Amino acid sequence: MNQITNFLTEPLLLGLIWGILALGVFVAYRVLDIADLSVEGVLPLSAVLSLFLINNGVNPFLSVLICVLVGGICGVIVACMHVYLKIPSLLSGIIMMTGLFSLVVVVSKGHITLDNMNDTVFNPLNSLLLKVSSERSWIAWANFIGTLILSMVIMGIVCIVLYWFFGTQLGLSIRATGKNKIMSRAQGIDDKLMEIIGLAISSGLVALSGALLAQYQGYASSTTGKGTIVIGLAIIFLGEAIFGRGSFKLQLTSIVVGGFIYWYIIDAILLIPGFDSNLLYLLQAVLIVLILTIPYIIKKIKERNEIRIIRENNNVKNK
Amino acid sequence: MLKISNLHKTFRSENGLENNHVLKGIDLEIDEGDFLTIIGGNGSGKTTLLNCICGVVKPDSGDIIIDNNNITKLKEFKRAMFIGRVFQDPMQGTIPEMTIIENLSLANNRANKISLRWSMSNKEREFFKKEVKYFDLGLENRLDDRMKSLSGGQRQSLTLLMATFNKPKLLLLDEHTAALDPKTAKKVMQITKDIVNKTKIPTIMITHNMKDAIEYGNRLIMMKDGKIIFRCEGKEKEQLTVDKLIKKFNEEISELPDSMVL
């Protein structure tokens, strides 16, 4: 693969893997109305834990499952701090994130690489595709297509399960809790339990994304999760800027599409000759500000134009 | 049915210096088929009484008993299984971002919240259509619209309908027409009357409107300063007029020291 095909293909994979993270952030931020910053700790923990487990002989699929469970437990802890100890949710998340940094370093000792690059969840499908052709150039394509198919399948399952879940009585109750606690309690909803379940799902998804990311890259370190929350939110806002905030189905779709677009934007900027990749975090911060303000500015300009037209019409009438 | 005995509640300020004794030994009994209206000035403890019954506020002492079950210590969300509520603020009783049918479904499944059953079955949809149609709100074909697209009156009517799903043992209405314009308020009051007559759910309604307090319900109490100072029911209630009530109201108010009137 050359640089151009690389540019076209990589954002698809990153979009899917980070899209799962964005769905997790969406469940906390949009559904429950809790800005859970523990994401910054759960994602790297899951990434290093997944590789650590695989290096110690655990099946890659099982490692993903364990990571999701660990992530879910992290979510439960954050929720319990907020719900029972009455620590503000923002602070609960920050406390959890800070605490998890230690675990990340302990597990990874700073940096962790897969001992055997073939020991990933992506490998079975990739090696199956490799058998199709023996040409050298096919290797990269087989890896890409295999990874893409598996990521799409996982993303598809996640979306379908989320859509189904948030349509059940339990899911509906969780959504209600995030929107109106007074009404929820009046309708017999245990709002504390709903926040715990909701954050467990959110962190579980974040952990799933972290494990997949680490296995896709083949390495993870304590800096893997830097800026995670910004990426997650940027993807959500980007989707909303394009699709608006409609039905639940539309919101899920907008996040998936937002993931692709986000990584194409980042990838395009990285292609600029001489761009210092150390500026990436700064770039992401600027990007999220732009994503948030551009729809607002467009709305203002439209309003101003409408007012001007009304005014002109009135002037014509008056004359 | 509902029996409240010697209910006390004091709100303490954060520094513990200023105590506000809001309920001073309330005794109240509601029987099957009762429709009780509560009137009283600001700070008389009406809303606190209602909040104690539905569990938002925990009383300091006293008992709240429904059908021989003491619910004084039961959590708010658990009481929701048998207490329906409508709030003063139309925004509070429903979820604006969710569709009408989702709101109705939440209310209709109050008893089984941790169920993984898909929430909107066709059977339920037909049931909601029938229920909504009964009150002639013109909403039966808008079930998939968002709640926020409705007017305050429509929302209050739906909240009222939601509160009566699963036939609760008690219906609490906290000035539920106060935020509406007079015409809408009248319509919602009419719907309230229809619902109470149709379902026969014992109802407690707080109101600022003396006319409403007299016109609706078979019993009336007046609260002042944390106590019930006037009770009226049956024949006496039927003969009650606004003038008589205002006279009664003023009599009680004039007994207050000047500082409290101001």
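Tutor: Let's begin with a term: two residues are in contact if their C-beta atoms, placed from the backbone, lie within 7 Å. Keep in mind that this is a predicted model.

Student: Thanks! Leaving aside its neighbours within four places in sequence, which residues is A:Ser184 in contact with?

Tutor: Start by finding A:Ser184, which sits in helix α8 of chain A, residues 181-186. Now set aside the neighbours within four places along the sequence; the contacts of A:Ser184 are then A:Ser173, A:Ala176, A:Thr177, A:Ile189 and A:Asp191.

Student: Is A:Ser184 buried or exposed?

Tutor: A residue needs 20 or more other C-beta atoms within 10 Å of its own to be called buried. A:Ser184 has 24 such atoms within 10 Å, so the word for A:Ser184 is buried.

Student: How far apart are the C-alpha atoms of A:Ser184 and A:Arg311?

Tutor: Along the chain, 127 residues separate A:Ser184 and A:Arg311. In space, the distance between their C-alpha atoms is 45 Å.

Student: Let's move to α11 of chain A. What do the buried residues of α11(A) pack against?

Tutor: Helix α11 covers residues 248-271 of chain A, and its 24 residues reach 35 Å from first C-alpha to last, close to the expected 34 Å. Among its buried residues are A:Leu252, A:Ile255, A:Val256, A:Gly259 and A:Trp263. An α-helix has 3.6 residues a turn, so residues three or four places apart point the same way. The buried residues of α11(A) pack against three helices of chain A: α1 (3-31), α6 (136-165) and α10 (228-243).

Student: Now chain B, please! Which residue stands opposite B:Ile66 in β5(B)?

Tutor: Strand β4 of chain B (residues 61-66) pairs antiparallel with β1 (residues 2-12) over five bridges, and there B:Ile66 is the bridge partner of B:Leu2. Two more antiparallel links, also bridges, join β4(B) to β5 (residues 69-70). The β4(B) and β5(B) strands form a hairpin with two residues between them, where B:Asp67 in the turn has a positive phi of about 50°. Across in β5(B), the residue opposite B:Ile66 is B:Asn69.

Student: Which helix gives the most to the side of chain B that touches chain A?

Tutor: In the contact between the chains, 26 residues of chain B meet 19 residues of chain A. On the chain B side, α2 (76-79) and α3 (100-108) each supply at least two residues. That side divides into eleven nonpolar, eight polar and seven charged residues. With four residues, the helix that gives the most is α3(B).

Methods:
Residues are numbered from 1 along each chain as its sequence is written. Chains are lettered from A and ligands numbered from 1 in the order in which they are written. This is a predicted model: local features need pLDDT of at least 70, side-chain atom pairs count only at pLDDT 80 or more; totals for chains, interfaces and linings use all residues. The expected span of a helix is 1.5 Å times one less than its number of residues. A residue is buried if 20 or more other C-beta atoms lie within 10 Å of its own, exposed if 12 or fewer, and partly exposed in between; C-beta atoms are placed from the backbone. Two strands pair if DSSP finds at least two bridges between them. Ala, Val, Leu, Ile, Met, Phe, Trp, Tyr, Cys and Pro count as nonpolar, Asp, Glu, Lys and Arg as charged, and the others, Gly among them, as polar.
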